[in-house]
Amino acid sequence: MAAVRGAPKPWKVQAVEDVKKLFTTYPVFAIVSFRGVPSGQMQKIRRDFREFAVIKVTKNTLIEKAVKALGGDYEKVLDYLGDQVAIVATELNPFKLYKKLEETKIPSPLKPGQVSPVDVVVEKGPTSFPPGPIIGELQAGGIPAAIEKGKIVIKETVTVVKAGEVVKPEVARALELLEIKPVKIGLDVRMVYEKGIIFTPDMLAIDSEKVAEEFAIAYRHAINLAVNAAYVTPETAEILITKAVMDARNLAINAAIPEKDVIEDILAKAHMEMLSLASHLNEEALDDELKSMIRSTPVPAATEEVKEEEAKEEEKEEEEEEAKEEEAVEGLGALFG
């Protein structure tokens with residue numbers, strides 16, 4: 001006679017309902033691994049997250065039942081269950097939640113018998129230890145230690161354990177003595193779910209400083225483009241007005257338009273041109289006042305040299321204009337590329 005399976009225990013039924021409620025109440029939730037996280041650290045994480053998230057630890061089988069009961073896009077979560085996992089439900093967006101979860105990780109030493117996730121390299125150089133039995137413990141851990149000038153020193157840079165290797169007790173002890181903490185322990189994100197979309201850590205790991213720098217570059221390019229195109233915005237209005245005033249002033253001076261704001265500059269320019277012309281005349285054609293003025297005033301170079309300088313200046317302006325055009329194109333690429 002086939003055995004009759006009994007009804008599920010009430011606490012399991014309630015746990016499944018709680019998981020379903022978390023998944024449907026909060027717009028964002030994450031599945032995180034807490035393998036190796038000490039209880040004290042886990043309690044601190046719960047306290048720190050209390051204001052913006054709910055952390056629930058339950059069995060994988062119960063999470064699986066809740067997911068299958070909900071169906072649809074929620075079933076994507078099944079691929080990320082396993083080992084010791086917890087649910088973190090929140091109203092934060094996936095990127096902010098990921099950053100908060102990464103901040104839970106703290107440097108930690110390797111433990112005896114643990115599989116190292118990274119290569120552990122001990123750099124050569126002096127230590128703070130005086131001569132004593134500790135040198136033997138370092139050497140037992142594969143670290144080439146010696147005594148120099150009354151201190152224990154590491155003679156060579158050495159990899160004491162490679163990623164994927166089991167950490168030997170003597171290696172763990174040596175690293176502990178040197179206060180080397182090569183791993184970080186905390187909540188390890190497996191996935192974050194939002195509106196049917198699964199975000200994995202490689203999608204969420206964003207260098208915020210680099211992104212801010214890229215935004216700043218794009219902003220500068222956009223400003224250059226807007227100014228060169230005379231596109232008026234609250235950010236460019238003052239720059240455009242200043243540029244317009246300077247351009248108008250230069251035009252008025254070069255065209256000798258006798259406006260009150262530029263008349264002094266026009267007279268000064270005319271005076272310098274007069275002195276330049278007078279400097280090329282025979283001294284017999286000059287009166288004493290002009291001779292005195294020429295001697296006491298720096299006079300521009302000869303006419304041909306002036307023309308050459310003007311040609312160079314025009315060429316420089318053309319190059320600058322081309323550079324501005326290139327910056328404008330780069331600005332468009334940064335904004336829309």
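Let's start at a turn: in the hairpin of E7 and E8, two residues sit between the strands, and one residue to look for is Lys149, which takes a positive phi near 50°. Keep in mind that this is a predicted model. From that hairpin we'll go on to the sheet around it, then to a helix, and then to a pocket.

**The sheet around the hairpin**

- Strand E7 covers residues 145-148, and it runs antiparallel to E8, with four bridges joining the two.
- If you want one pair to find on screen, try Ala146, which stands opposite Val153 in E8.
- E8 (residues 151-154) also pairs with strand E6 (residues 125-126), again in the antiparallel sense, this time over two bridges.
- On that side, Pro126 is the residue that stands opposite Val153 in E8.
- Gly125 has its bridge partner in E8 too, namely Ile154.
- Put together, the three strands make an open sheet with antiparallel pairing, and the order is E6-E8-E7.
- E6 and E7 are the edge strands, as each of them pairs on one side only.

**Helix H2 and its buried face**

- Helix H2 spans residues 39-49, and its buried residues are Gln41, Met42, Ile45 and Phe49.
- Look down the axis of H2 and you'll see these buried residues fall within an arc of 100°, so they line one face of the helix.
- What do the buried residues of H2 pack against? Their partners are strands E2 (53-57), E3 (85-90), E4 (106-108) and E10 (183-185), along with helix H4 (94-102).

**The largest pocket**

- The largest pocket has a volume of about 330 Å³.
- It is lined by 17 residues, and the closest to its centre are Arg35, Gly36, Gln114, Lys184 and Ile185.
- Two elements give two or more residues to this lining: E10 and strand E11 (188-194).
- Which element gives the largest share of the lining of the largest pocket? That's E10, with three residues.
- You've met E10 already, as one of the elements that the buried residues of H2 pack against.
- As for the chemistry of the lining, the residues of the largest pocket divide into seven nonpolar, six charged and four polar.

Notes: Residues numbered from 1 in each chain as written. Predicted model: local features only at pLDDT ≥ 70, side-chain atom pairs only at ≥ 80, totals over all residues. Heavy atoms only, no water. Pairing = 2+ DSSP bridges. Buried < 20%, exposed > 50% of the residue type's maximum accessible area, 1.4 Å probe, protein only. Arc of directions from axis to C-beta. Contact = heavy atoms within 4.5 Å. 1 Å grid on protein atoms, 1.4 Å probe; cavity = no way out; pocket = protein on both sides within 12 Å on 5 of 7 lines; lining within 4 Å. Points joined across faces, edges and corners; volume = space filled by probe spheres on them. Nonpolar A, V, L, I, M, F, W, Y, C, P; charged D, E, K, R; others polar.
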